[in-house]
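Let's take a friendly walk through this protein chain, from its loops to its strands and then out to the whole fold. Please keep the model open beside you as you read.

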Amino acid sequence: METLDLKKELKYLYAPSAKKAEIVHVPRLQFAMIDGAIEKGKEPGNSPGFAEATQQDLYSLAYILKFMLKKRRTDPIDYPVMPLEGLWSIQDEMVDVAKKDNWSYTLMILQPDAITRAVFTEGLEQVRKKKGDSSNLSHLRLAHFEEGICMQMMHIGPYATEPSTIERMRAFALENRYRDRVGPSGKHHEIYIGDPRKADPSKLKTVLRHPLEEVK
């Protein structure tokens, strides 16, 4: 059985330094994705829609796809389910971590190229049979996403302290003649290496990634 170690192959994208920001080129990658928005008066930690999209739908599908490839008779493949990622935006504004109930998001989990559209569709049907149908399942999609030139850094600590890391990233970008594109033309990207339900908030690991444009 072939084993894919996506975390190892893409270590430069999923295990950046926590000490300094860096510039990377993020290639075209394939993801299982779903869109949504945080309800008024809520935040990601207590949003019913966010919980359903992640635990009941996206993760359920990701694990079913993994086992489909692992158990197939011809050319079985095993691989670790990759961490949850979120692209966050606010209409016509910069993302503000203090204003959580007007965030919109695209949640996604990286998928190997062996997950074809046919495999993905079959996986969705298996989720429906196992979990029952839901409005979210019809919105799950398999799509490619290419971020291009970005800056990134590992943030260690609670999500509320992300602004200090983001400021360091933006200062780094300016020093290297780049401008942060987060806003109407770019999204704040978080990769959740730690599980907030289990980890000490002070030790949570979150990759922060922002798209860049060169200052001319």
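A good place to begin is D75, which sits in the loop between α3 (48-71) and β3 (77-78). The helices named here (H or I, at least four residues) and the strands (E, at least two) are DSSP runs, numbered from the N terminus. Before going further, note that this is a predicted model, in which local features need pLDDT of at least 70, side-chain atom pairs count only at pLDDT 80 or more, and totals for chains, interfaces and linings use all residues. Residues are numbered from 1 along each chain as its sequence is written, and side-chain values use heavy atoms, with hydrogens and water left out.

What is the phi of D75? D75 has a positive phi of about 50°, although it is not a glycine. Most residues other than glycine have a negative phi. D75 is also exposed, with a relative accessible area of 57%; exposed means over 50%, buried under 20% and partly exposed in between (1.4 Å probe, protein chains only). R177 tells a similar story in the loop between α5 (162-175) and β7 (178-180). R177 has a positive phi of about 65° without being a glycine, and R177 is exposed, at a relative accessible area of 52%.

Now turn to strand β4 (residues 85-89). Five of its five residues are buried, so β4 is largely enclosed by the rest of the structure. In a regular strand the side chains alternate between the two faces of the sheet. In β4 both faces are covered, with E85, L87 and S89 buried on one side and G86 and W88 buried on the other.

Which strands pair with β4? Strands count as paired if DSSP finds at least two bridges between them. β4 pairs with β5 in the antiparallel sense over five bridges, and there G86 stands opposite L107. β4 also pairs with strand β8 (residues 188-192), again antiparallel, over four bridges; here W88 has H188 as its bridge partner.

From β5 (residues 104-110) you can step across to β2, since these two pair in the antiparallel sense over seven bridges. One of the matches is D35 with T106 in β5. β2 (residues 22-37) in turn pairs antiparallel with strand β6 (residues 141-156) over 11 bridges, and H25 of β2 faces I149 in β6.

Is R209, in strand β9 (residues 205-214), buried or exposed? R209 is buried, with a relative accessible area of 2%. Leaving aside neighbours within four places in sequence, the contacts of R209 (heavy atoms within 4.5 Å) include L13, V26, E147, H188 and I191. R209 and M154 are 55 residues apart in sequence, yet 8.8 Å apart in space, C-alpha to C-alpha.

Finally, zoom out. The protein chain has five helices and nine strands, in the order β-α-α-β-α-β-β-β-α-β-α-β-β-β. Its radius of gyration is 18 Å, close to the 17 Å that the globule rule gives for 216 residues, so the chain is as compact as a globular protein of that length. That radius is taken over C-alpha atoms, and the rule is 2.2 Å times the number of residues to the power 0.38. Buried residues make up 47% of the 216 residues. Among contacts in the chain between residues at least 6 apart in sequence, 76% join residues at least 24 apart.
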